[in-house]
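Reader: Please take a close look at the aromatic pairs in this model. I would like the geometry of the rings, where they sit, and what lies around them.

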Amino acid sequence: GRALEGVPRSSLELRWTVRHAEPLHDPLHRAEQLSLALAAADSAIQAASSREEQAQSGRLPKVNYTESWQRSNNPVFVFGALLTQRQFSESNFAIGSLNNPAALNNFQSMFSVDQPLYDAGQTKQAETDAKLGIKLAAQDKRKAEQQLIGRVASAYYGVLLATAMSA
């Protein structure tokens, strides 16, 4: 009687329902496109790849540019700045200007290049850590994909069964 109400009367009815249903790959594809978990996993992979590039940059030279400005009437500063600027002349040897110089502006621009020769394995370790981070992020994405497939397949077959039972 009533306990079998809604259950397909034959396997033929169930086969008809399954045959006319949307293929599983369509809802699965839509779910993959809309999944925030997969989008987050992709972002984690990109971030891990960026960390690898950052780690590799430890082997590259670093170029620095600095500018500075100083103004003082300190006799030692004025004397040194005039020498550095190659503007020192005989008149600067006058006792009055040596002891009580006028204020001097000293502008400096400097480029420097640093090339690491040895870093006690820090760059190599950072590269290894970054590669491991990429692998972990990829595993997390695979896990999220498998979970999504499981949820979509469960819902898909649940709807198919409910449809067949209500027929």
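Author: What follows covers the aromatic pairs, then one helix contact and two loop residues.

The model is predicted: local features need pLDDT of at least 70, side-chain atom pairs count only at pLDDT 80 or more, and totals for chains, interfaces and linings use all residues. Residues are numbered from 1 along each chain as its sequence is written, and side-chain values use heavy atoms, with hydrogens and water left out.

A pair of aromatic rings is described by the distance of the centres and the angle of the planes. Rings of Phe, Tyr and Trp (its six-membered ring) pair if their centres lie within 6.5 Å; planes under 30 degrees apart count as stacked, over 60 as edge-to-face and the rest as tilted. By this rule there are four aromatic pairs. In one of them, the ring centres of Tyr65 and Phe111 are 4.7 Å apart and the planes stand at 45°, so the pair is tilted. Tyr65 belongs to strand S1 (residues 62-72) and Phe111 to strand S2 (residues 104-114), so this pair ties together parts 46 residues apart in sequence. Helices (H or I, at least four residues) and strands (E, at least two) are DSSP runs, numbered from the N terminus.

Buried means under 20% relative accessible area, exposed over 50%, and partly exposed in between (1.4 Å probe, protein chains only). Tyr65 is partly exposed at 41%, while Phe111 is exposed at 65%.

Trp69 and Phe107 also form a tilted pair, with 6.2 Å centre to centre and 35° between the planes. Trp69 lies in S1 and Phe107 in S2, so the pair ties together parts 38 residues apart in sequence. Phe107 is exposed, with a relative accessible area of 60%.

Next, the helix contact. The axes of helix H3 (residues 36-56) and helix H6 (residues 122-166) come within 8 Å and cross at roughly 170°. Axes are lines fitted to C-alpha atoms, for helices over the stretch in contact, and angles run from 0 to 180 degrees between N-to-C directions. H3 and H6 are therefore roughly antiparallel (over 145 degrees; under 35 is roughly parallel, 65 to 115 roughly perpendicular, the rest oblique).

Last, the loops. Arg86, in the loop between helix H4 (75-84) and helix H5 (95-99), has a positive phi of about 60° although it is not a glycine. Arg86 is exposed at 78%. Ala120 sits in the loop between S2 and H6, and its phi is positive, near 55°. Ala120 is exposed at 54%.
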